Amino acid sequence: MLKFTWIIPLLPFLSFLGIFFLGKKLPQKGAFLGIASVGISFVLSLVVLFEIISGKPVEQSIPWIILGKYHIELGILVDNLTSIMLLVVTFVSLLVHIYSLSYMHGEKRFKWYYAVLSLFTSSMLMLILSNNLL
C-alpha cells in the first residue's frame, strides 16, 4: 500500500474537479463527493500509518529538473511523521467538510466553497508527502 500513497491527495483533487465541473448536477451540489473523497483518504491514511509502524520509511522520486550538476526531484517521502500528519490533516479536513454541510447550507457559492475546500485539502496532503520544498 505504501507505493500507492499518492492516491491519498489524488482523491480530494479529483473531488475538486468533479465538484467544479459537475457540481450543479450532483446532489447537494457535490458536497457528498468532497466528504466521500476525504473520508476514503482518511481510511487510506490509517492503512499507511499501520504499515509504516511495522515497516521502514519509503521514498519514491523521479528527476524533474536537471541543470548541470543540480538535480531537482519530484517525489514523495513516507515516514512516521508523514503518516501521522496525513492522519491529522485528513481527519480535520473530514470534520470541516461534514460541519460545513449545514453551516454553508443556503449560501449561493456553496459549490465553489466545497470545490476550493477539496483543492486545499489536496494541496495540504501534497505538501505533507513531498520529499522537498519545491
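**Exercise 1. Find where T121 sits in this predicted model, and decide whether T121 is buried or exposed.**

*Solution.*
Step 1: Locate the residue. T121 belongs to helix 4.
Step 2: Look at the accessibility. T121 has a relative accessibility of 3%, and buried means under 20%, so T121 counts as buried.
Step 3: See what surrounds the residue. Leaving out residues up to four places away in sequence, T121 touches P12, V38, S93 and H97.

**Exercise 2. Do the same for A115: which element holds A115, and which residues does A115 touch?**

*Solution.*
Step 1: A115 is also a residue of helix 4.
Step 2: Its relative accessibility is 1%, so A115 counts as buried.
Step 3: Setting aside residues up to four places away in sequence, A115 touches F16, I19 and F20.
Step 4: Now try a distance. A115 and G75 lie 40 residues apart in sequence, and their C-alpha atoms are 25 Å apart in space.

**Exercise 3. Work out what span helix 4 should have at 1.5 Å a residue, and check it against the model.**

*Solution.*
Step 1: Helix 4 covers residues 110-129, which makes 20 residues.
Step 2: The expected span is 1.5 Å times one less than the number of residues, so helix 4 should span 28 Å.
Step 3: The end C-alpha atoms of helix 4 are 29 Å apart, which agrees.
Step 4: For practice, repeat this with helix 3. With 24 residues, helix 3 reaches 34 Å from its first C-alpha to its last, close to the 34 Å expected.

**Exercise 4. Where around the axis of helix 4 do its buried residues lie?**

*Solution.*
Step 1: List them. The buried residues of helix 4 are F110, Y114, A115, L117, S118, T121, S122, L125, I128 and L129.
Step 2: These residues cover an arc of only 160° around the axis, so they are on the same side of helix 4.
Step 3: Recall a rule. An α-helix has 3.6 residues a turn, so residues three or four places apart point the same way.
Step 4: Ask what covers them. The cover includes helix 1 (7-22), helix 2 (31-54), strand 2 (70-78) and helix 3 (80-103).

**Exercise 5. Turn to helix 3: which elements do its buried residues pack against, and how does M85 compare with the cut-offs?**

*Solution.*
Step 1: The buried residues of helix 3 include T82, L86, S93, H97 and L101.
Step 2: The buried residues of helix 3 pack against helix 1, helix 2, strand 2 and helix 4.
Step 3: M85 lies in helix 3 as well. At 34% relative accessibility, M85 counts as partly exposed, because that class runs between 20% and 50%.
Step 4: M85 and I128 are 43 residues apart along the chain, with C-alpha atoms separated by 7.0 Å.

**Exercise 6. Describe the largest pocket: what is its volume, and which residues are closest to its centre?**

*Solution.*
Step 1: The largest pocket has a volume of about 300 Å³.
Step 2: It is lined by 15 residues, and the closest to its centre are L74, G75, I76, M126 and S130.
Step 3: Strand 1 (58-67), strand 2 and helix 4 each supply at least two lining residues. Strand 2 gives the most, with four.
Step 4: By type, the lining has nine nonpolar residues, five polar and one charged.

**Exercise 7. Step back to the chain: how many helices and strands does the chain have, and in what order do they run?**

*Solution.*
Step 1: Count four helices and two strands.
Step 2: From the N terminus on, the order is α-α-β-β-α-α.
Step 3: Of the 134 residues, 37% count as buried.

Note on methods
Residues numbered from 1 in each chain as written. Predicted model: local features only at pLDDT ≥ 70, side-chain atom pairs only at ≥ 80, totals over all residues. Heavy atoms only, no water. Buried < 20%, exposed > 50% of the residue type's maximum accessible area, 1.4 Å probe, protein only. Arc of directions from axis to C-beta. Contact = heavy atoms within 4.5 Å. 1 Å grid on protein atoms, 1.4 Å probe; cavity = no way out; pocket = protein on both sides within 12 Å on 5 of 7 lines; lining within 4 Å. Points joined across faces, edges and corners; volume = space filled by probe spheres on them. Nonpolar A, V, L, I, M, F, W, Y, C, P; charged D, E, K, R; others polar.
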